[in-house]
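Colleague: Please take a close look at the largest cavity of this model. I should also like to know how it sits among the other empty spaces and the helix packing.

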Amino acid sequence: MRVRVIGLGLISALGDGPRASEAALRAGRPHLGRVRLFPLARGASLPVGEADFPDDAANPLPRCHQLALHAARQALAGSGPAPDAVVLGTTTGGMLTTERFLAAHEARPGANPYHSLHTVTAAVAELAGCRGPALTVSTACSSGALALALALRLLRSGRARRVLAGGVDSLCRLTYFGFHALQLVDADRPKPFDRRRGGMAVAEGAAFLLLTSGREGRSLAELAGAGLSCDAFHETRPHPEGEGALAAMQDALDDAGLQPEAIDYISLHGTATVDNDRAEARALHRLLGPLVQGPPLASIKGACGHSLAAAGALSAAVGALALQHGFVPANTGFAEADPELAFVPQIGAEPRRLRAALVNAFGFGGNNGALVLTAPEAFPPRPADRPGLPLTIRAVACLSGAGDLNASLARLDSGRGCAGLVDEKSAFMNLPPRQIRRLKRLARLGLALSLAARPAAARTQEAAVFFGTGWGALSETADFLGKLQASQQQFASPTDFVGSVHNAPASQIALLLGARGPNITTSGGSRSFAEAAFAATLLAGRHEGWALLAGADEYHAQWSPMLDAGIDSKAGAEGGGALWLGHAGDDALALLRHCELYGDSSALPALLADLGGAAAVQNRVGLILADTPDMAAEAQLAELKALLPIVPVWAFREHLGRFASAAALAAALAVAFLHRGHAPALTTGSAQNLPLAGRSALLVGLGHTLSAMEFARP
């Protein structure tokens, strides 16, 4: 199967669109300047890669959304039918607008309805007319590359024929001051792989690739392979020998069916920080051997800065341009070789016929992604993915206002709900003190869930981690921006900045477990856990080891009501659930039989058709757990009951609480119900427990988008 690139859209400090970006890369000059998007209190500003894109403060959509829509329009221009799916990587979302509200002391409920990352994806999906899955990936600076990796799996699995995938981030105070607080910014300009390199330049941008497994459209390039890994080494520093980077590159080459010598150009991650460039260089030496006769190597970040979540997608778009037009970009900023790195990157742009390019993107927490792009039909096609292995659930855990799984079940069995705040003393008592001393609430919730769900015999070294969170780490984000504002931009906590990224909990889980497999965080609002499960099903065909599937969200007294108008500020709720996935065995608790996502809120009949039809669903499902996060879900709930009149439906938020990842808690409880053979009477409002022997449990997410996960006894 060939996965072809038939559309490109990009905007960054390099320029607006493919043609302007190519011209800038051929010129080989830096396109960096001083920040204009927000005022600085005092002192000289640091160089940034700000896109020449008008900042329309009157537009209700934040700048990140506007950049994404601009690049998406370019990729979709003249493309024909709407894509079947959208996969987007981002870390900032509506943060720049939220910062403006905070500066104006605007904290009314729902002040910024576009803060959440998934609203960027939703805007792009609406523009594209996409009614299928719309996934939001947030793995720091590897987000865009991971979005393309998941898009490749979607196409190879046959779940989609056309996918729009990419990454976007806008400049904002959080990232500008955060990277400066970590002392990772060069006050002059970035010099990737140079002996005198001193750091990066924070940037912004958006890039999309329109991919198809069909024959329509003109092929610009092919996405031939993707590789994912996690260092499980440190929150910010890469493994010093580049272990994770090497694993991702080798995995991408294996996926593409190519040997290293087939690669004609490597687009390096190359942030120009001392540790990152050294680790990537060591990984390259191990992959390629002596680099004297190796392919040209270049990082574009000396020209346009580091666009964070957009970086991997932007480099992939540049790779496609290089393949299409036959040139190698320059490693702008390089002047003097570093003897320790033992290679010289591409000094100036040059014409060169290319057949294959390798693109690297690495992020905080050791989240690594690598992509292989090739010229059209330059190599034999890869086979379609074989059907994914069944996702067997070997262990389960949850945290709620009542406590752990047993406490939550006991509360429900007594006829009472378990909404509320998690008790820190009981939930976090078994966590390693040294690892958690600087961690705040969400990361601790994730670690507690992972420990509680891990079976004693689980092999965690190569395990994957899939984590869903609607809002990410609110405590760290609020503390970072609060201190920054109170100190007139003079103090920014590096610890809070590192902890504020959405993938921080999943990275901490990898550190705790030593898990070096794919590490993916999704942030799809109330669908976050379903998106994490969907990603797990996409990778099940390639990754056959153990995996942790979890979801959690914290309650923050100030930020939760401000960002989510549906939150009851007087009765906060939080928690989550975790499922440990492994090989089939006699001790399996349940199977995840189906996991589907739908972008069309009117698709309930289609959902039931994909599950085998209403009659079949009524014949095998014993309980429907309905997630009703907003007013749009109420009419759908009535429709669901009408379509499946004999199946009991439990709208679980009434009893579990209103928080983004309530579905993760419900999923854990559903598995527990199946394992013991009955659900509490409270789920049906009757006086008797609901028997589930021989039946499955169906978790349905309602609202503006739909999801379905079916759990069954093995």
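Modeller: A cavity is a set of points on a 1 Å grid, laid over the protein atoms alone, where a 1.4 Å probe fits but cannot get out. Its volume is the space filled by probe spheres set on the points, which are joined across faces, edges and corners. The model is predicted, so to speak of local features requires pLDDT of at least 70 and side-chain atom pairs count only at pLDDT 80 or more, while totals for chains, interfaces and linings use all residues. Residues are numbered from 1 along each chain as its sequence is written, and side-chain values use heavy atoms, with hydrogens and water left out.

Five cavities of 30 Å³ or more are counted by this rule. The largest has a volume of about 260 Å³. Its lining, made of residues with an atom within 4 Å of a point, comprises 23 residues. Nearest the centre of this cavity lie Thr91, Thr92, Leu174, Ser500 and Val501. Three helices (DSSP runs of H or I, at least four residues, numbered from the N terminus) each supply at least two residues of the lining: helix 6 (173-181), helix 15 (474-486) and helix 16 (494-500). Helix 6 provides the largest share, three residues. The lining holds 14 nonpolar residues (Ala, Val, Leu, Ile, Met, Phe, Trp, Tyr, Cys or Pro), nine polar ones and no charged residues; charged means Asp, Glu, Lys or Arg, and the others, Gly among them, are polar.

The second largest cavity has a volume of about 110 Å³. It is lined by 14 residues, and Glu222, Ala224, Pro380, Pro381 and Arg382 are the closest to its centre. Strand 9 (residues 221-230) gives the most to this lining, with three residues; a strand is a DSSP run of E, at least two residues long. Here the lining divides into nine nonpolar, one polar and four charged residues, whereas that of the largest cavity has no charged residues.

Helix 15, which contributes to the lining of the largest cavity, also packs against helix 3 (residues 95-103): their axes come within 11 Å and cross at roughly 50°. Axes are lines fitted to C-alpha atoms, for helices over the stretch in contact, and angles run from 0 to 180 degrees between N-to-C directions. Helix 3 and helix 15 are therefore oblique to each other; angles under 35 degrees count as roughly parallel, over 145 as roughly antiparallel, 65 to 115 as roughly perpendicular and the rest as oblique. Contact, meaning heavy atoms within 4.5 Å, is made by Met95, Glu99, Leu102 and Ala103 of helix 3 with Thr477, Leu481 and Gln485 of helix 15. By class these are four nonpolar, two polar and one charged residues.

Beyond the cavities there are pockets, open sets of points with protein on both sides within 12 Å along at least five of seven lines. The largest pocket has a volume of about 1200 Å³. It is lined by 45 residues, with His118, Thr119, Ala122, Asp630 and His704 nearest its centre. Helix 4, strand 6 (134-137) and strand 21 (590-598) each supply at least two residues of that lining, and helix 4 gives the most, with seven. The pocket lining comprises 22 nonpolar, 16 polar and seven charged residues.

Helix 4 (residues 118-128) also packs against helix 2 (residues 63-76), at an angle of about 30° and with the axes 9 Å apart. That makes helix 2 roughly parallel to helix 4. From helix 2 the contact takes Cys64, His65, Ala68, Leu69, Ala72, Arg73 and Leu76, and from helix 4 Thr119, Val120, Ala123, Val124, Leu127 and Ala128. Ten of these residues are nonpolar, two polar and one charged. Thr119 thus takes part in this contact and also lies among the residues nearest the centre of the largest pocket.

A further packing pair is helix 11 (residues 405-413) and helix 24 (residues 662-676), at about 75° with axes 11 Å apart. These two helices are therefore roughly perpendicular to each other. Leu405, Ser408, Leu409, Leu412 and Asp413 of helix 11 meet Ala668, Leu669, Ala672, Phe673 and Arg676 of helix 24. Seven of the contact residues are nonpolar, one is polar and two are charged.
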